[in-house]
Amino acid sequence: MKLIMLGPPGAGKGTQAQMLVERLRIPQVSTGDLLRAAVREGTELGRQAKSFMDQGRLVPDEVVIGMIRERLARPDCQGGFVLDGFPRAVAQAQALDRMLAETGRRLDAVLSIEVPEGELLRRLTGRLSCPACGAMFHKDSKPPRKSGLCDNCGSRLITRDDDREETIRKRLSVYAEQTEPLKPYYRNQGLLKPISGSGTPVEIGRAIREALGIKDV
Ligand code: ADP
Ligand code: ZN
């Protein structure tokens, strides 16, 4: 299946994408993760991207489109994929449509996770990330077992630069302005499936599988 996870920062796209990966055995392709890896490795692309990310702004389209083109061409994506964090603007969605058409592929569905803005702010302030393995925790709703340390790998957890409050507000406004227009874009293609993102991750996962017609075993 070829899927897109759409939703504001803090909606739980990454968590849900991960659940689909396990269920469907297709790779998760996250532009946020790809960009952070480039920043960690100190590549030229990473250096360019970092200043945009730290300000909560979108990295330029040609950068992320190039990254996605390369990633979707790899063998593991031929049987399907879950896109998480891409596309984030109409120009990116149009580029994706062209890319898929070139290789005779089509999207199956766009899952739009809907969460009220107040709830998003609460979730996003308090996020803790593992710089080593990418695991995410939250000081209230998902605290690590040992304070300040990653459950998976023991590394010291950090607040990502883009999880500072001012940056969070900027990310939410960028979402409203640039990413929300993707909803009518995909609704017109008959692909949009709105999912309530207010429940627990397990409940949201169930709603997603139902929307996709995947049987719960
Ligand atoms: P979140 O969804 O929690 O905001 P992500 O990890 O998806 O976080 O993205 C972090 C940052 O990476 C974004 O704020 C943005 O600067 C950059 N980024 C990620 N995906 C894209 C994209 N498709 N286009 C432009 N910038 C992106
Ligand atoms: Zn870790």
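This report walks through the zinc site, the ligand 1 pocket and a few local features of the structure above.

The model is predicted, so local features need pLDDT of at least 70 and side-chain atom pairs count only at pLDDT 80 or more, while totals for chains, interfaces and linings use all residues. Residues are numbered from 1 along each chain as its sequence is written, chains are lettered from A and ligands numbered from 1 in the order written, and side-chain values use heavy atoms, with hydrogens and water left out.

**The zinc site**

Let's start with the metal. The zinc ion (ligand 2) has four cysteine sulfurs as its protein donors, the SG atoms of C130, C133, C150 and C153, at 2.3 to 2.4 Å. Donors here are N, O and S atoms within 2.8 Å of the metal (3.2 Å for Na, K and Ca), and sites may look incomplete because water is not among the atoms. Why is the arrangement around the zinc ion (ligand 2) called tetrahedral? Because the angles subtended by the four donor atoms run from 102 to 121 degrees, and four donors count as tetrahedral if all angles lie between 85 and 135 degrees.

Along the sequence, the donor spacing reads C-x2-C-x16-C-x2-C. C133 and C153 link distant parts of the chain, 20 residues apart: C133 sits in the loop between β5 (127-129) and β6 (136-138), and C153 in the loop between β6 and α7 (165-179). Helices (H or I, at least four residues) and strands (E, at least two) are DSSP runs, numbered from the N terminus.

**The ligand 1 pocket**

How many residues surround ligand 1? There are 19, and the closest are T31, R36, R57, G85 and R171; a residue counts as near if one of its heavy atoms lies within 4 Å. The shell splits into seven nonpolar, four polar and eight charged residues. In that split, Ala, Val, Leu, Ile, Met, Phe, Trp, Tyr, Cys and Pro count as nonpolar, Asp, Glu, Lys and Arg as charged, and the others, Gly among them, as polar. Helix α2 (residues 31-41) gives the most to this shell, with four residues.

Some polar contacts (pairs of N or O atoms within 3.5 Å; within protein, one must be able to donate a hydrogen and the other to accept it, and sequence neighbours count only if both atoms are side-chain atoms) to oxygen atoms of ligand 1:

| Side chain | Distance to a ligand 1 oxygen |
|---|---|
| K13 | 3.1 Å |
| R88 | 3.2 Å |
| R127 | 3.1 Å |

On its own, ligand 1 has 550 Å² of accessible area, and the protein covers 95% of that (Shrake-Rupley method, 1.4 Å probe; for residues, only the protein chains shown count as cover).

**Local features**

R88 turns up again: its backbone nitrogen lies 2.8 Å from a polar side-chain atom of Q92. Q92 lies in helix α5 (residues 90-102). Is Q92 buried or exposed? It is buried, at 2% relative accessible area (buried means under 20%, exposed over 50%, partly exposed in between; 1.4 Å probe, protein chains only).

The F86 to P87 peptide bond is cis, with omega near -5 degrees, and P87 lies in the loop between β3 (81-84) and α5.

R25, in the loop between α1 (13-24) and β2 (28-30), has phi near 55 degrees, a positive value in a non-glycine residue. R25 is exposed, at 72%.

Finally, P184 is in helix α8 (residues 182-188) and is partly exposed, at 37%. Its C-alpha atom is 41 Å from that of R156, 28 residues away along the chain.

Terms used
Four donors count as tetrahedral if all angles lie between 85 and 135 degrees; four count as square planar and six as octahedral if opposite donors are over 155 degrees apart and all others between 65 and 115; anything else is irregular.
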